[in-house]
Amino acid sequence: MKKRIVSGLGGIGLLVACTPTVGPEEEQQPQELIQPAIDSSAEKEEQDSLSLLEQLDSSGLRISPKASAAERAKIMEIISKEYLMGQFNPATDQRFERIERQYLVYPERKIFIRKEAMAKFKEMQARAKEDGIALKIMSATRPFNVQKAIWERKWRGEQRVNGKFVPQDAPQKAKAEQILEWNSMPSTSRHHWGTDIDINNINPAYWLKGQGAKEYAWLVAHAAEFGFCQVYSAGRPYGYQEEKWHWSYIPLAKEFTNQYKKYIKDQDIHGFLGAEAAAEIEVVKKYVLGINPDCL
Ligand SMILES: [Zn+2]
């Protein structure tokens, strides 16, 4: 009977979090997490729980009407945590699509985005074109493993942060804060969600004059009409420095921000070098939630 539950939960992984490449060790995690929601020795009850979970559909947000409030909360928490922390594969997730070449700064890159955000970006790009403004996407969804690779190269001093290598003998907090000027900690990036895009150029100087300044002025005037907001605006008390290129599709991202605030704690962040610094830095409060209040 236990085996059947495991296979049912594997189905959740596939349908909800879309992680078909999950290995034997990872399979244990959802089982443990969801166990309290389906804990029952009676076979019939167990069967009911199984069908309840099997009714989760590919949108990942619909749960069987038979679910009790407690079961619903538990399932939502598991789905949200996996999703919000980038622990899924956007390439096999039906909620995502691959961005077509003509919308990319680097057309050969394989970049995924939430379908709703892409539809609105296309509208925004067409409208901008009428005003002589060209908008293209540099980066969109970055899963946990991608962010981990970026972070750890900098943590180990293999790649420079703003021209300098992170000193290997510095305290963990100082090392993490130096990388955080330019990169998110794995598990904490809005790029995990598929709602956030980097537009045209990620060099701050690009946006200060010429074409970049014109593009920024256009985005400030019009992006909100299409649901996009500059989350890393100037003048916030803490968090990332200003990013004029990073725009978030708020109709989806607002809900993910709220869920993150509710479910993810600094202590949930682990699985990469320097993760221990998360709590000391208060990374959830200061970096994930330290965004432009107009985007909430
Ligand atoms: Zn970005």
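The expected span of a helix is 1.5 Å times one less than its number of residues. Keep that in mind for the second view; everything here comes from a predicted model.

**View 1. How much of the chain to trust.** Across the protein chain the mean pLDDT is 82, with 78% of residues at 70 or more. The stretch to be wary of is residues 1-61, where pLDDT stays under 50. The model does have 68 contacts beyond four places in sequence for residues 1-61. Still, where pLDDT is low, the predicted coordinates should not be read in detail.

**View 2. Helix H5, one side in and one side out.** H5 covers residues 115-130, which makes 16 residues. From first C-alpha to last, H5 reaches 23 Å, close to the expected 22 Å. Buried residues in H5 are Ala117, Met118, Lys120, Phe121 and Met124. Those five sit on the same side of H5 because they cover an arc of only 165 degrees around the axis. Flip to the other side of H5 and you find Ala126, Lys129 and Glu130, which are exposed. Just after H5 comes Gly132, with a positive phi near 75 degrees.

**View 3. Helix H7 and its helical neighbours.** H7 spans residues 172-180, and its buried residues are Lys175, Ala176, Ile179 and Leu180. These cover an arc of only 135 degrees around the axis, so they lie on the same side of H7. What do the buried residues of H7 pack against? Their partners are helix H6 (144-155), helix H10 (277-281) and helix H11 (283-288). As for the spacing, an α-helix has 3.6 residues a turn, so residues three or four places apart point the same way.

**View 4. The open sheet, E3-E4-E6-E5.** This sheet has 4 strands with antiparallel pairing. Strand E3 (137-139) and strand E5 (228-229) are at the edges with a single partner strand each, so one side of each has no neighbour in the sheet. Helix H9 (residues 250-263) packs on the sheet, touching strand E4 (196-199), E5 and E6. The direction of H9 makes about 85 degrees with that of E6.

**View 5. Strand E6 and its bridges.** E6 (residues 246-249) pairs with E5 over 2 bridges, and 3 bridges join E4 to E6. On the E5 side, Phe228 has Tyr249 as its bridge partner, and Cys229 stands opposite Ser248. From E4, Asp198 stands opposite His246. Which way do the E6 residues point? His246 and Ser248 point one way, Trp247 and Tyr249 the other, and all are buried. In a regular strand the side chains alternate between the two faces of the sheet.

Methods: Residues are numbered from 1 along each chain as its sequence is written. This is a predicted model: local features need pLDDT of at least 70, side-chain atom pairs count only at pLDDT 80 or more; totals for chains, interfaces and linings use all residues. Two strands pair if DSSP finds at least two bridges between them. Two residues are in contact if their C-beta atoms, placed from the backbone, lie within 7 Å. Axes are lines fitted to C-alpha atoms, for helices over the stretch in contact, and angles run from 0 to 180 degrees between N-to-C directions. pLDDT is the predictor's confidence in each residue, from 0 to 100. A residue is buried if 20 or more other C-beta atoms lie within 10 Å of its own, exposed if 12 or fewer, and partly exposed in between; C-beta atoms are placed from the backbone. The arc is that of the directions from the helix axis to the C-beta atoms.
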